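Visitor: Please take one strand of this model and examine it closely for me. I should then like to see the setting in which such a part is found.

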Number of protein chains: 2
Amino acid sequence: MRTYLDCIPCFIRQAYEAVSFTSNDPETREKVLREVLLRVGSMNLNQPPPIMGRFIHQLIQKLSGNNDPYRIVKEKYNRLALQMYPDLKMKVEQSDNPLETAIRLAIAGNIIDFGALPNFDGREIPLTIDEALTAPLNQEMLEDFIDSVNKSSLILYIGDNAGEIVFDRLLVEQLPCEKIVFAVRGQPIINDATMSDARAVGLTEIVEVIDNGSDAPGTIVSDCSEQFRDYFNRADLIIAKGQGNYETLSDSDKGIFFLLKAKCPVIARHLGCERGAIVFYRK
Amino acid sequence: MRTYLDCIPCFIRQAYEAVSFTSNDPETREKVLREVLLRVGSMNLNQPPPIMGRFIHQLIQKLSGNNDPYRIVKEKYNRLALQMYPDLKMKVEQSDNPLETAIRLAIAGNIIDFGALPNFDGREIPLTIDEALTAPLNQEMLEDFIDSVNKSSLILYIGDNAGEIVFDRLLVEQLPCEKIVFAVRGQPIINDATMSDARAVGLTEIVEVIDNGSDAPGTIVSDCSEQFRDYFNRADLIIAKGQGNYETLSDSDKGIFFLLKAKCPVIARHLGCERGAIVFYRK
């Protein structure tokens, strides 16, 4: 999926937020934001948004000297989601269809996204959970998914954000854990989950977790480690969470299941759904 | 009031929207938006936001060859507000304090702002009216205002946006019309009202309307016509509507009454109020 002109104001808003996280010094903030504006003004738009996002956030990291501006918010949302985990786990176990409920909650967790959402502050989480638990979910897709899980010997689960991965854990726990490899990003980028987040939320204790070797806020397969590419090629079933993974993998022919909340108008248009929709989709 | 770093993402969002209104041609849109990014990246921030806004919107007008990108939305909101006018007029006349009700509605009308609000589509209007009619309003300020009106021989009412000026008309009608000069912008800029809007909503039939000779989305007195400056200097009472007029006149010592809805966090911070608050303020 290419970058659209609508993405530009969103990149600048993201950059402003990232800059605010990097430094309290007004001069540094201003200098970095100005540089971002100049660079974005001459960027090539014929690439997926996560490539542009990576470029912008790397630039901010470099110019500000802070290589993980979102560390504090990542830790905050891991903690917050872990506090919610026991209740959510009970919701899954007491529901008529635990797997379906876990899928719905995994999608709800995708609301924890500092890339797509302006001024995200967590207040959206409870409402998103309620919506995800009651919104229509394609039942044929669900059967197809269950069938794929049963037939698979290797499931690659591509995670997205910190905090969100607690919601992913609920889904992972409804799947055959021994078949799953869970991938996180190789380096800090926006609030995307890395290995330290996977450890912090206990994912590493229940499945094999690998980092993908890349610092894109999505999955650019050619940019990933050999280990990741090997799993990607061998997996019988790939689950990709969130907008960034959709933006970078929507053209893949691997029959990937995409689980996400369509938070931005560009993604909603690309998927042909309403903005804010709960998306459970296979190409 | 100077421009803050928070204003930058908002300028780019405004620019994207303005560009979308100027042309359907993707190449033109992209070219213009890129140029805006490059120019904003090197802009001097030590000036009020409307000076930056004017620069950006003038640039868009020039590069796109469209000198009034918001014409269609200005006409739309004039029409929409005129449809609401009879009901609102009745609300004013049947209320215990028609002047106070008219002040509240004039402030509510300030929601019709394509500068401050992302994706404004009018849905916010009914709720804003309800809020403005019930929110606390400083009663001392109201008495001070009534006193000023009674003592004035010349009242300068500085309007803000198209559509909004229908709400201003409700307030103007509760004041001694013969004392009022109503000022609109001299040239199209964002959705700010110009003389053609004043005519379209019938304001010109009830008070003297002048254009201020300037194309800033606010009031930069030194940039205005001699006629406007003369009224500005002679007025015993100045009523200034909206964020742009506040941003450019907040340092004035003319004892201006500011009526606005604090739609953006920068303005809310500057005024020390909640974002979204109904503001009836004199320095």
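Guide: The account below begins with a single strand and then moves outward to the sheet, the domains and the two chains. Please keep in mind throughout that the model is predicted.

The strand is β2 of chain A, which covers residues 180–184. A residue is counted as buried here if 20 or more other C-beta atoms lie within 10 Å of its own. Five of the five residues of β2(A) are buried, so the strand is largely enclosed by the rest of the structure. In a regular strand, the side chains alternate between the two faces of the sheet. The strand in question can be read in this way: A:I180, A:F182 and A:V184 point one way from β2(A), while A:V181 and A:A183 point the other way. The residues of both groups are buried.

A strand is also described by its partners. β2(A) pairs with strand β1 of chain A, residues 155–158, in the parallel sense and over four bridges. One position shows this pairing in detail: A:I158 has A:A183 of β2(A) as its bridge partner. A:A183 is one of the two residues on the side of β2(A) that it shares with A:V181.

For a whole sheet, one may turn to chain B. Six strands there form an open sheet with mixed pairing, in the order β3-β2-β1-β4-β5-β6. The edges are taken by β3 (208–211) and β6 (278–282) of chain B; each has a single partner strand, so one side of each is left without a neighbour in the sheet. On average, neighbouring strands of this sheet are turned by 20 degrees against each other, direction ignored. Within it, strand β1 of chain B (residues 155–158) pairs with strand β4 of chain B (residues 237–241), in the parallel sense and over four bridges. In this pair, B:Y157 stands opposite B:I239 of β4(B).

A loop offers a contrast to the enclosed strand. A:G255 belongs to the loop between α11 (242–249) and β5 (257–261) of chain A. This residue is exposed, with 12 other C-beta atoms within 10 Å. Leaving aside residues up to four places away in sequence, A:G255 touches A:R282 and A:K283. A:G255 and A:L237 are 18 residues apart in sequence, yet their C-alpha atoms are 7.7 Å apart in space.

The next level is that of the domains. Chain A is divided into domain 1 (7–64) and domain 2 (71–282), and β2(A), at residues 180–184, falls within the bounds of domain 2. The C-alpha centres of the two domains of chain A lie 25 Å apart. Twelve residues of domain 1 are in contact with 15 residues of domain 2 in this chain. On the domain 1 side, α1 (7–22) and α3 (49–64) of chain A each give two or more residues, and α3(A) gives the most, with six.

Finally, there are the two chains. Their contact takes 15 residues from chain B and 16 residues from chain A. On the chain B side, α2(B) gives the most, with seven residues. By class, that side holds nine nonpolar, two polar and four charged residues. A rotation of 180 degrees, with 0.0 Å of shift along its axis, superposes chain B on chain A with an RMSD of 0.0 Å. The two copies are thus related as by a two-fold rotation axis.

Terms used: Residues are numbered from 1 along each chain as its sequence is written. Chains are lettered from A and ligands numbered from 1 in the order in which they are written. This is a predicted model: local features need pLDDT of at least 70, side-chain atom pairs count only at pLDDT 80 or more; totals for chains, interfaces and linings use all residues. Two strands pair if DSSP finds at least two bridges between them. Axes are lines fitted to C-alpha atoms, for helices over the stretch in contact, and angles run from 0 to 180 degrees between N-to-C directions. Two residues are in contact if their C-beta atoms, placed from the backbone, lie within 7 Å. Ala, Val, Leu, Ile, Met, Phe, Trp, Tyr, Cys and Pro count as nonpolar, Asp, Glu, Lys and Arg as charged, and the others, Gly among them, as polar. Domain bounds come from an automatic or database domain assignment. Copies are superposed by least squares on the C-alpha atoms of residues with pLDDT of at least 70 in both.
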